[in-house]
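Subject: The structure, and what turned up in it

Hi there,

Here is the structure I promised to pass on. Have a look at it first, and then read on for what I found.

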Amino acid sequence: MPRTRSKKRAPASSSSGGASGSLCERSPAALRLISECLDSDDLLLHVLGLLPLAGLGRAACVSSRWARLAASNSLWASLAERVWEGRHVSEACRAQRRQHGRSALRRSLAESEARHIDPSLLCELTWHFRFKRAAGEHWTGSDPYWQGARARTLRFEPDGAVRWEEEAWDGLMRWRLEGGSLLRVSHAQLGAFPAERLVRHPPSWGCAPRRGGFGRDLARSRLPRQHSCARDAPTPLVPCSRP
């Protein structure tokens, strides 16, 4: 005779909180906690703030409530600060962030990709300077950087002056930016330095020289001491700090 298969009985669900019960059956309080969390706008805003920009756009499609929270200025202002960390952002964008976070972030992303270098980009920052070893001992011997100290700092002023910190050259140098990317620096006694073509520096949202001129000696924040630096390599022209 053919064998008949016996049907397995499904285990009975336990309403007393057994291991096989659902989350609601095991802990009704957990369901209430989840419901309360989803009803909290503050907590949901915190969760949305942890998402990448693309994920935030998808989250806004969940419901009208999520879309409303995803468009809140407090959320976008926080996201802007997260994206801007360690990068140069114009003062105009930072001021706009307080009331229009999304527009400020969009504007800063556009500025970071612009090929045209605005003069305000140079004027808003403090820069480090040191001579190349090829300049000779006459220059490197009086350069604090080559003595193991902090590199000299300078600022490009809106009036075209180059201001040095504790430097005899202060007031003797002028600068101008031509065509949105060509930096020209001149000295009252030494004449003009070779022109420098500036290009965007993606990691910092600043700018960098395409080849060595005056700008090859301008450096990033916390320029390494001379004993740990590749001394014959060009030094990038990027913002060293926010004002």
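How much area does the chain expose, and what share of it do carbon and sulfur atoms supply? The chain exposes about 15,000 Å², and carbon and sulfur atoms supply 52% of that area. Please keep in mind that this is a predicted model.

**Overall make-up**

You will find ten helices and nine strands in the chain. It has 243 residues, of which 37% count as buried. If you take the contacts between residues at least 6 apart in sequence, 49% of them join residues at least 24 apart.

**The cores**

The largest nonpolar core holds 23 residues. Leu 122, Phe 156, Trp 175 and Leu 183 have the most contacts inside it. At least two residues of this core come from each of these elements: helix 9 (119-123), strand 1 (127-129), strand 2 (152-156), strand 3 (162-164), strand 4 (173-178) and strand 5 (182-187). Another core, of 18 residues, lies apart from that one; Leu 48, Val 89, Leu 105 and Trp 205 are among its members.

**The annotated region**

UniProt, in an unreviewed entry, places the feature "domain: F-box" at residues 41-79. In the model, this stretch is 74% helix and 0% strand, and its end C-alpha atoms are 17 Å apart.

**Salt bridges**

Side chains of opposite charge can pair when their charged atoms come close. The structure holds nine salt bridges, and here are some worth finding on your screen.

One of them joins the side chains of Arg 65 and Asp 41, at 3.1 Å from N to O. Arg 65 belongs to helix 5 (residues 64-70) and Asp 41 to helix 3 (residues 41-48), so this pair ties together parts 24 residues apart in sequence. Arg 65 is partly exposed, with a relative accessible area of 23%, and Asp 41 is partly exposed too, at 28%.

Glu 81 meets Arg 94 in a salt bridge of 3.8 Å, N to O. This pair links distant parts of the chain, 13 residues apart, with Glu 81 in helix 6 (residues 73-84) and Arg 94 in helix 7 (residues 91-97). Glu 81 is partly exposed at 35% relative accessible area, whereas Arg 94 counts as buried at 9%.

Glu 81 also forms a salt bridge with Arg 97 (3.2 Å, N to O). Arg 97 lies in helix 7 and Glu 81 in helix 6, so the two tie together parts 16 residues apart in sequence. Arg 97 counts as partly exposed, at 21% relative accessibility. Finally, salt bridges with shared partners join Asp 41, Arg 65 and Arg 68 into one network.

Best wishes

Methods: Residues are numbered from 1 along each chain as its sequence is written. This is a predicted model: local features need pLDDT of at least 70, side-chain atom pairs count only at pLDDT 80 or more; totals for chains, interfaces and linings use all residues. Side-chain values use heavy atoms; hydrogens and water are left out. Helices (H or I, at least four residues) and strands (E, at least two) are DSSP runs, numbered from the N terminus. Buried means under 20% relative accessible area, exposed over 50%, partly exposed in between (1.4 Å probe, protein chains only). Contact means heavy atoms within 4.5 Å. Accessible areas come from the Shrake-Rupley method with a 1.4 Å probe; for residues, only the protein chains shown count as cover. A nonpolar core is a set of buried Ala, Val, Leu, Ile, Met, Phe, Trp, Tyr and Cys residues joined through side-chain atoms within 4.5 Å. UniProt positions are given in the numbering used here, feature names are shortened, and annotations may be inferred rather than shown by experiment. A salt bridge is a side-chain nitrogen of Lys or Arg within 4 Å of a carboxyl oxygen of Asp or Glu.
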